[in-house]
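Biologist: Before we turn to particular features, could you take me through how such a model is best read, from the whole chain down to the pairing of strands?

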Amino acid sequence: MDEYKLTVALVDDNATSRKFFLRSVGNLSIDLKTYKDTDSAMEYLGNNKPSLLFLNIIMPDKNGLMFLKELRKMPLHSDTKVIMITSKDYTQDRTIAFELGALDFIVKPMSMRSITSIMLSYIK
Amino acid sequence: MAKSYIRFWGVRGSYTAPFKTHLEVGGNTPCVEINVDDHVLICDAGTGIIPLGNKLISDAKHKELLILLSHFHWDHISGLPFFAPAFNSQYNISFFGPGDSKEVIKKYIDGQMKAPYFPVGTEEWVAKISYLNPKQKKLNYGSMEISYYNAHHPGITYGYKIKAKNKTIIYIPDNECLFLDKAIKEKMTGFTEEETTLFTDMNREEYQAEVKAIANTDILIHDAQYTPQDYKKKKGWGHSCYIDVVNMAIDAKVKNLFLFSHDPNNDDEMVSTIHRECQKIIAEKKSSLKCHIAKEVLEISLD
């Protein structure tokens, strides 16, 4: 019954981080789609607009900020709700992310409760 | 047959250090020449590129140059306004760096030479200048194979992996390794048992990814700017503590580590002390890693 669920996407090369998000979502009525790199994420994002997108910054294939810049050029994602997730809390990265329209900036490590609370506050 | 080598022209991080007490190591900001079979690859364009440019002009031998930029912070591009080959019509110079289009790379490079920051703009460059497609994931230059990956540094910063002469060289001048590890240790209170277990796994996975990126490298040129005392004050500034770097290089079975991006506050004696501390760690761990101080004009043979 996925059609009744809101879709949230996560792009993060760290497998444990993806698992952490899946565990955080738990029984919430959210369809969480996880991607380990920007290429595989683009296969989905090319034609789909999630209710919320979490993007890691440092990934081997592409920097999340650069990926967000590319997404913003696509009419489909000009206003997609994006939250950056990172293990590095650099002020300049926050500035770039907010300039690109990111709504929030989560720094690892974070609690499962904080993830669900952020999800619910942005997709309600 | 021409000799192939790596030569350091600038080894300081952040800003120049032209002080009498620093000159054994050198005061110029990052620039490393990798010359393979007469193909000149230049890693970064800090002030070290100025004497390199002058040498290229006086040698009058190499007219094709490829410049890889790790990122566009001043200390990595501030030599370009004084790079003599750019002002000589006999040269072909290509640039590659992080960005989403050639136009963006050009804009970043032009920016520092615009009024009111500099009297001469890049429109005065008479060399043939090309900006390579920044979206390509690999480059070939002569016999060199070049790839890159994202470093931990504010903004978008690359580390470059260069395969040449059956050797792997990694140039990663600005990189804050073990960031997640330290963030977790600082914040590890009030989490559930499951969260704590997952953070431990997340941290291990992140570390393994960092180690894998540099595994078995023959020549690793890595940021080692901070002492532990510096790092306490400057965590999140995008540079590494030398202890973390040497431990990571040991775990990755790196063959030769060159401590790079020396703090401009550290004089020759302090850099030697850092080097001795690294040697101590290597001896304690009974590692075969060879640790060196990257110094200006130091040349490493690739033959």
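**Reading the two chains**

Modeller: In chain B, 47% of the 303 residues count as buried. Please keep in mind throughout that this is a predicted model.

Biologist: How many helices and strands does chain B have, and which dimensions describe its overall form?

Modeller: Chain B contains 8 helices and 14 strands. Its radius of gyration is 19 Å, close to the 19 Å that the globule rule gives for 303 residues, so chain B is as compact as a globular protein of that length. Taken along the principal axes, the box filled by the C-alpha atoms of chain B is roughly 65 × 40 × 35 Å.

Biologist: What share of the contacts in chain B links residues 24 or more positions apart?

Modeller: Here the count is restricted to contacts with a separation of 6 or more, and of these, 69% in chain B join residues that are 24 or more positions apart.

Biologist: Which residues should I look at in the largest nonpolar core?

Modeller: A core of this kind is a set of buried nonpolar residues joined through C-beta atoms within 7 Å. The largest one has 81 residues, and Ile42(B), Ala249(B) and Leu259(B) are those that touch the most other members. Helix 7 of chain B, residues 242-251, provides the largest share of this core, with 6 residues. Apart from this core lies another, of 36 residues, which includes Ala41(A), Leu53(A), Met59(A) and Val82(A).

Biologist: What does Leu259(B) contact beyond its neighbours in sequence?

Modeller: If neighbours within four places in sequence are left aside, the contacts of Leu259(B) are Ala224(B), Tyr242(B), Ile274(B), His275(B), Cys278(B), Cys291(B), Ile293(B) and Ala294(B).

Biologist: Why is strand 11 of chain B described as largely enclosed, and which strands does it pair with?

Modeller: For burial, one counts the other C-beta atoms within 10 Å of a residue's own, and 20 or more make that residue buried. In strand 11 of chain B, residues 219-223, 5 of the 5 residues are buried, so the strand is largely enclosed by the rest of the structure. Strand 10 of chain B, residues 167-172, runs parallel to strand 11 of chain B and is joined to it by 4 bridges, with His222(B) as the bridge partner of Ile172(B). Strand 11 of chain B also pairs in the parallel sense with strand 12 of chain B, residues 256-260, over 5 bridges, and there Leu220(B) stands opposite Leu257(B).

Biologist: Turning to chain A, what is the strand order of its open sheet of 5 strands, and where are the edges?

Modeller: The order in this open sheet of chain A is 2-1-3-4-5, with parallel pairing. Strand 2 (30-35) and strand 5 (104-107) of chain A are the edge strands, each pairing on one side only. On average, and with direction ignored, neighbouring strands of the sheet are turned by 20° against each other. At one edge, strand 5 of chain A pairs with strand 4 of chain A, residues 82-86, in the parallel sense over 4 bridges, and Thr86(A) has Val107(A) as its bridge partner. Helix 1 of chain A lies across strand 1 (6-11) and strand 2 of chain A, and runs at about 180° to strand 2 of chain A.

Biologist: How many residues of each chain are in contact with the other, and which helix of chain A gives the most?

Modeller: Contacts link 26 residues of chain A with 23 residues of chain B. Helix 1 (15-25), helix 3 (64-72) and helix 4 (91-99) of chain A each supply at least two residues of the side that touches chain B, and helix 1 of chain A gives the most, with 5 residues. By class, this side of chain A has 12 nonpolar, 7 polar and 7 charged residues.

Note on methods:
Residues are numbered from 1 along each chain as its sequence is written. Chains are lettered from A and ligands numbered from 1 in the order in which they are written. This is a predicted model: local features need pLDDT of at least 70, side-chain atom pairs count only at pLDDT 80 or more; totals for chains, interfaces and linings use all residues. Two residues are in contact if their C-beta atoms, placed from the backbone, lie within 7 Å. Ala, Val, Leu, Ile, Met, Phe, Trp, Tyr, Cys and Pro count as nonpolar, Asp, Glu, Lys and Arg as charged, and the others, Gly among them, as polar. A residue is buried if 20 or more other C-beta atoms lie within 10 Å of its own, exposed if 12 or fewer, and partly exposed in between; C-beta atoms are placed from the backbone. The radius of gyration is taken over C-alpha atoms; the globule rule is 2.2 Å times the number of residues to the power 0.38. Two strands pair if DSSP finds at least two bridges between them. Axes are lines fitted to C-alpha atoms, for helices over the stretch in contact, and angles run from 0 to 180 degrees between N-to-C directions.
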